[in-house]
Each structure stands twice: as C-alpha cells, then as structure tokens.
Amino acid sequence: MLYTMKTGILYQEPTHQAVAKMKGGLTGPVKEIYTGGEEPLMEAKIQYNETESTADVRSKEYLLLDHDEHIVAEGHPEYAAGEAPEEAGWPVCRMPRVDHAEVELDGAKDLLTMGSGQSYTLSDAQGRELLRIRHRGILGGWNLEDSYGFSPEVLCGLFAFCRYIEQENELLIA
C-alpha cells in the first residue's frame with residue numbers, strides 16, 4: 001500500500017483519502033493518533049528509564065499505546081556503529097549519532113533504520129523490507145510504502161518513531 005504523510009495527515013494513495021491524523025503538543029514528544037473521523041486511537045511517546053542516565057539514548061523507549069494504554073509497539077534506539085559513548089567517548093560539539101531502533105511489534109523484533117534524515121526502512125529479522133518512508137523533497141511531506149499491511153494508526157506510530165530517531169541527532173542548545 002502507498003501512503004502520503006503531509007502536515008500530520010496520512011493519506012492513502014492513489015485516492016488521496018485521509019485515513020489517520022497525528023497531533024502533537026507544542027512541547028514534548030507525545031503524538032496523539034486519530035482516525036480520519038477524529039476518533040482517538042493511539043498515542044506515541046518517549047519513556048525514560050529512571051535507573052539509567054537520560055543522556056544515553058539507550059535509556060529511552062519509544063512507545064505506541066492504544067486507547068487502553070496497552071503497548072502496541074516498542075522502540076529501543078541505538079547508536080550508529082562506532083558512536084557508542086563507551087567506544088568513542090562523548091563528542092564535544094554534538095551528541096553521539098543514532099541511526100536505528102529495534103522495534104517490537106506484532107510479536108516480532110524488527111529494525112527501523114535511518115538511511116538519512118530523508119529516508120527510513122523497517123526490516124524484519126530476515127532483512128526483508130516491511131516499510132519504507134522517504135521525504136518527498138520540494139513537494140513536502142513523506143511517502144510511505146507499506147509491504148507488510150500495517151494499519152494506518154500503526155503507520156503513524158512508526159512515523160513518529162522515525163522522527164524520534166531524527167531528534168536524537170539534533171544538538172540541543174539551552
């Protein structure tokens with residue numbers, strides 16, 4: 001299935017019918033996911049493990065919860081090869097680069113990988129591509145190519161996970 005994500009609305013192609021919508025607050029990483037008819041379905045957020053350092057990305061968990069607060073998907077971000085602080089130390093002018101997250105979804109462990117800030121892939125344990133997300137360039141928005149058959153609300157949650165990975169690489173200035 002082909003979809004387009006633009007301004008928080010997921011459209012099914014080629015009909016360009018709105019099938020889900022994401023809304024987020026001005027601050028914080030929480031994203032609420034609605035049906036095309038504005039019924040709340042899920043919530044994507046980041047949870048911190050309080051026993052570990054919050055500076056280390058591995059102390060975070062990306063969660064996709066249904067309306068009953070049951071976990072639908074979990075993402076565990078990881079550093080890019082050679083970027084882990086115990087290997088390379090903490091860089092002075094940037095955070096260690098994050099380029100993937102292990103995603104637990106439908107009883108399987110998949111890998112969500114950032115190819116660049118413009119493309120992401122979700123692959124299963126055998127390396128088969130389940131989902132590809134690519135920026136549309138000057139047109140704006142994102143193309144989602146779903147070869148697995150995820151529901152629109154889960155696609156929105158996975159898209160939020162992609163954005164969380166991207167944000168891990170931004171330099172925060174206080």
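Two strands count as paired here if DSSP finds at least two bridges between them. The views below are close-ups of a predicted model.

**View 1. Strands E9 and E10 make a hairpin.** Strand E9 covers residues 108-116 and strand E10 covers residues 119-123; the two run antiparallel, with 5 bridges holding the pair together. Just 2 residues sit between them in the hairpin. For a landmark, look for leucine 112, which faces leucine 122 across the pair.

**View 2. E10 teams up with E11 in a hairpin too.** Strand E11 (residues 129-135) runs antiparallel to E10, again with 5 bridges. Here 5 residues lie between the strands, and glycine 127 in the turn has a positive phi of about 85 degrees. Serine 119 stands opposite arginine 134 of E11.

**View 3. E11 pairs with E12.** Strand E12 takes in residues 142-146, and its antiparallel pairing with E11 has 5 bridges. Across this pair, isoleucine 133 stands opposite leucine 144. Pull back and you'll see a closed barrel of 12 strands, running in order from E1 through to E12 with antiparallel pairing. From one strand to the next, the twist averages 20 degrees.

**View 4. Leucine 144 and its company.** Which residues does leucine 144 touch, once neighbours within four places in sequence are left aside? The contacts are Met1, Leu2, Tyr3, Met5, Leu10, Leu131, Arg132, Ile133 and Leu155. Leu144 is also among the members of the largest nonpolar core that touch the most other members, along with Leu10, Phe150, Leu158 and Phe161. That core has 41 residues, and helix H2 (residues 152-168) gives the most to it, with 10. In soluble globular proteins, nonpolar side chains tend to be buried together.

**View 5. Helix H2 is mostly covered.** Of the 17 residues in H2, 14 are buried. Is its length the expected one or off the mark? At 1.5 Å a residue, the helix should span 24 Å, and its end C-alpha atoms are 25 Å apart, so the two agree.

**View 6. Two buried cysteines.** Cysteine 156 has a relative accessible area of 0%, and cysteine 162 has one of 1%. Buried means under 20% here, so cysteine 156 qualifies, and so does cysteine 162. How many disulfides are there? With sulfur atoms required to be within 2.5 Å, the count comes to 0.

Key: Residues are numbered from 1 along each chain as its sequence is written. This is a predicted model: local features need pLDDT of at least 70, side-chain atom pairs count only at pLDDT 80 or more; totals for chains, interfaces and linings use all residues. Side-chain values use heavy atoms; hydrogens and water are left out. A nonpolar core is a set of buried Ala, Val, Leu, Ile, Met, Phe, Trp, Tyr and Cys residues joined through side-chain atoms within 4.5 Å. Buried means under 20% relative accessible area, exposed over 50%, partly exposed in between (1.4 Å probe, protein chains only). Helices (H or I, at least four residues) and strands (E, at least two) are DSSP runs, numbered from the N terminus. Contact means heavy atoms within 4.5 Å. The expected span of a helix is 1.5 Å times one less than its number of residues. Axes are lines fitted to C-alpha atoms, for helices over the stretch in contact, and angles run from 0 to 180 degrees between N-to-C directions.
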